Amino acid sequence: MGRLSIHILSIFPGIFEDLLNYGIVRRAVEKKLLDVSIVNIRDSAPDKHKTVDDVPYGGGAGMIMKPDILAASLESTVPFREHRRPEVVFLTPQGKRFDQSHANKMSMLDEFILICGRYRAVDERFREICVTDEISIGDYVLSGGEPAAMVFIDAVARLIPGVLNDFESGIEDSFQNALLDCPWYTRPEVFEGRKVPDVLLSGNHAEIKKWRYEQSLKRTRQRRPDLLDNSEC
Ligand code: ADE
C-alpha cells in the first residue's frame with residue numbers, strides 16, 4: 001500500500017487506464033506514495049445484465065443509479081471497519097467547489113474513495129447513508145464524475161509529501177499563496193518583435209522577485225479579484 005490509497009468506483013473503469021502512466025502521478029505511484037484501485041460498479045450487480053440503474057420514482061426523463069448496487073460496490077471495496085470507513089467523496093456539480101486548500105487536506109489522508117456518477121442522478125439514499133463529502137470541480141455539467149475524479153487525483157497526488165522534489169515544491173508554495181502566477185519567458189530574447197522585460201535580464205534577484213510578485217498581484221487583480229477578497233494583499 002502507498003502512503004495514500006485512493007479507490008475509484010465507476011461504471012467506466014477503462015477511462016482511468018492511462019491516468020497512472022504519466023508525469024507526476026506516475027512518479028507518486030513509482031515512489032510508493034500513492035496507489036489507486038479502480039473498481040467497476042457493475043461487478044456488484046447480481047443480475048445477468050449487470051444492471052446498475054433504474055427509472056426514477058415519480059417519473060421523468062433519465063435513469064437513476066441504484067443505491068443497493070452502489071452500496072454493495074462500496075462494501076466490496078472498503079468494508080465498514082468498526083462502524084467506519086474512509087471518506088467517501090461523491091463527484092457532482094451539486095457539491096462544494098474543489099480548490100487548492102481542499103486538495104491539501106485530502107493529500108494528508110491515508111485513504112479515500114471517489115464515487116463517479118453517471119446517468120441522471122444517484123439515488124438520494126446512497127448519498128445520505130454512504131457519502132461523506134460532495135465535491136464539484138466547477139460550475140458546469142460533465143457527462144459523468146470520471147473526468148472530475150482525474151482532476152481531483154492529479155491535484156491531490158502532487159501534494160503528497162515526497163512526491164515533488166525540493167525545487168518543484170518551491171514552485172508549489174508560490175502557487176499556494178492564492179495569487180495567479182506571474183508571466184514567464186525563455187529564449188529567444190526577442191520573439192516577433194517582443195523583448196523579454198529588462199528586469200529579467202538584469203541579474204538583480206531582489207528586483208526580479210519584486211517584479212514577479214507585482215505581476216502576480218496585477219494579474220490576480222485583473223483576472224480573479226475574488227481571490228484577493230480574503231487576503232491581506
Ligand atoms: N459530475 C458532473 N459534473 C461534475 C462537476 N462539475 N464536478 C464534479 N463532478 C461532476
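## Figure legends: overall fold and three close-up views

**Figure 1. Overall view of the predicted model, with contacts spanning the sequence**. In the protein, 77% of the contacts with a separation of 6 or more are accounted for by residues 24 or more positions apart. The secondary structure comprises 7 helices and 10 strands. The radius of gyration of the protein is 22 Å, whereas a compact globule of 233 residues would have one near 17 Å; taken along the principal axes, the C-alpha atoms fill a box of roughly 70 × 40 × 35 Å.

**Figure 2. Surface, burial and charge of the protein**. Of the 233 residues, 39% count as buried, and the protein exposes about 14200 Å², of which carbon and sulfur atoms supply 53%. There are 31 positive and 36 negative side chains in the protein, and the centres of these two sets are 3 Å apart.

**Figure 3. Close-up of N40 in strand β2**. Strand β2 covers residues 34-40, and N40 lies within this strand. The side chain of N40 reaches the backbone nitrogen of R42, the distance being 3.0 Å. When residues up to four places away in sequence are not counted, N40 touches S10, I11 and P13, so the view brings these three residues together with N40, given that contact means heavy atoms within 4.5 Å.

**Figure 4. Close-up of P93 in strand β5**. P93 is found in strand β5, which consists of residues 87-97. Its relative accessible area is 45%, and P93 is therefore partly exposed, a class that lies between buried, under 20%, and exposed, over 50%. With neighbours within four places in sequence left aside, P93 is in contact with S136, Y140 and V141. F126 is 33 residues from P93 in sequence, and the C-alpha atoms of P93 and F126 are 17 Å apart in space.

**Figure 5. Close-up of S202 in the loop between β10 and α7**. The loop that holds S202 runs between strand β10, residues 194-195, and helix α7, residues 205-223. S202 has a relative accessibility of 44% and therefore counts as partly exposed. A polar atom of the S202 side chain lies 3.1 Å from the backbone nitrogen of N204.

Methods. Residues are numbered from 1 along each chain as its sequence is written. This is a predicted model: local features need pLDDT of at least 70, side-chain atom pairs count only at pLDDT 80 or more; totals for chains, interfaces and linings use all residues. Side-chain values use heavy atoms; hydrogens and water are left out. Helices (H or I, at least four residues) and strands (E, at least two) are DSSP runs, numbered from the N terminus. A polar contact is a pair of N or O atoms within 3.5 Å; within protein, one must be able to donate a hydrogen and the other to accept it, and residues adjacent in sequence count only if both atoms are side-chain atoms. The radius of gyration is taken over C-alpha atoms; the globule rule is 2.2 Å times the number of residues to the power 0.38. Buried means under 20% relative accessible area, exposed over 50%, partly exposed in between (1.4 Å probe, protein chains only). Accessible areas come from the Shrake-Rupley method with a 1.4 Å probe; for residues, only the protein chains shown count as cover. Lys and Arg count as positive and Asp and Glu as negative; His and the chain ends are not counted. The place of a charge is taken as NZ of Lys, CZ of Arg, CG of Asp or CD of Glu.
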